[in-house]
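Biologist: Could you take me through how the sheet in this model is defined, setting each value against its criterion?

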Amino acid sequence: MKWKLFLLLIPLCLSGLEQKGSLQWKELNQRCKLVLKKRGSIIIIDSRNGYIKGIINESVAIKKSAAPGSVFKIVTGIAALRKDKRNRFVKVYCDDRYYIIGKGIRNYRIHFNRLEAEVGQYYRCSKYGGHKRIGFLSALKRSCNYYFFNLGDKIGYEAFYNQVLRLGFGQKVFSTLKEEIAGEIKKEKLRTRQLLSYIGDGYGIQTTPLQMAHLVYFLANNGEKQIITLKRNGKKHISRRIVSESNYGPIIKIIKRGLIKKVSTSTDRIYQKQFISSFAGKTGTSGAMNSLKTSGWFIGYGPIENPKVAFVVFLSEGTGRKALALAEKIFMGKNISKTYK
Ligand SMILES: [Zn+2]
């Protein structure tokens with residue numbers, strides 16, 4: 001009797017949870033609940049069929065919106081590549097300061113709530129001192145603000161704004177879900193605001209975690225699958241498509257090369273419960289309305305080569321880095337029950 005049990009356990013231990021046909025969604029949900037209590041939301045989608053397999057704090061996921069921050073550089077990138085694929089070869093020299101109108105004597109930092117710029121005012125990059133010479137993929141990976149201000153300026157606000165609408169932002173994901181909000185996409189007239197839009201900030205762009213989940217599902221499938229499904233109270237809600245065109249594949253493949261990658265190489269016993277061995281994604285930190293606090297985002301999918309799950313970690317108060325750390329805890333199997341007691 002004993003040896004039979006032993007034989008049963010061996011494959012379980014060796015394979016981890018990912019190797020078996022499907023992810024253990026129930027346990028994954030449990031882990032999400034452990035890492036995130038209230039202020040935020042996590043959405044996990046089976047990236048092979050679009051079914052939403054778990055939402056932590058549903059009311060936040062569908063009824064709260066925030067500026068997406070640098071996660072939106074993905075959208076600015078898509079807009080630039082849609083306009084001209086050669087934009088992926090654009091290189092800039094990021095010296096930290098992106099001048100809004102022109103260089104001058106009055107160099108001081110503009111805060112997000114200042115409405116119009118004067119000569120010599122600038123926005124800062126995310127990295128103190130700047131990234132120096134930098135190209136498209138690297139700028140996406142290292143989240144260079146300077147690069148995306150420049151890229152937005154290159155394609156123009158109109159092209160950017162139209163692409164944002166074309167990706168369905170400002171619309172509900174499920175037309176049948178009464179409580180869901182649509183977020184907000186405001187057409188900005190001021191140059192200062194337009195620049196901030198390119199890096200997902202400045203309050204003109206408000207997205208829900210659900211909208212971000214829809215986007216990352218689209219990315220995970222190279223633009224080939226666009227419909228997600230939510231089962232709720234015995235009712236099935238089926239999403240709209242993301243875009244009406246179907247030729248996004250090549251562009252998305254380029255964008256994906258610029259995402260952050262996390263690969264678990266550890267053979268440590270503590271990692272044996274990992275759900276996916278790798279994931280890729282993008283962090284975002286955005287200013288919260290009427291507050292000094294920020295919101296944190298991480299959207300991602302994994303395993304990188306053949307995704308089984310697409311997910312969003314949203315923290316109402318937090319940073320992108322923190323959201324990424326939670327994603328690692330959830331998916332890469334560190335023993336979280338002990339750390340969160
Ligand atoms: Zn930079």
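Modeller: Strand 13 (residues 294-302) and strand 14 (residues 309-315) run antiparallel and are joined by seven bridges. This is a predicted model, in which local features need pLDDT of at least 70 and side-chain atom pairs count only at pLDDT 80 or more, while totals for chains, interfaces and linings use all residues. Residues are numbered from 1 along each chain as its sequence is written.

Biologist: Why are strand 13 and strand 14 called paired?

Modeller: Two strands pair if DSSP finds at least two bridges between them, and strand 13 and strand 14 have seven, so they count as paired. For phenylalanine 298, the bridge partner in strand 14 is valine 313.

Biologist: What makes strand 2 and strand 11 the edge strands?

Modeller: In the open, antiparallel sheet of six strands, the order is 2-1-14-13-12-11. Strand 2 (52-56) and strand 11 (260-263) each pair on one side only, and the twist from one strand to the next averages 15°, with axes being lines fitted to C-alpha atoms, for helices over the stretch in contact, and angles running from 0 to 180 degrees between N-to-C directions.

Biologist: Which strands does helix 9 touch?

Modeller: Helix 9 (residues 209-220) packs on the sheet against strand 1, strand 13 and strand 14, its direction making about 150° with that of strand 14; contact requires C-beta atoms, placed from the backbone, within 7 Å.

Biologist: How many helices and strands are there in the protein chain?

Modeller: The chain has 12 helices and 14 strands, these being DSSP runs (H or I, at least four residues, for helices; E, at least two, for strands) numbered from the N terminus.

Key: Two residues are in contact if their C-beta atoms, placed from the backbone, lie within 7 Å.
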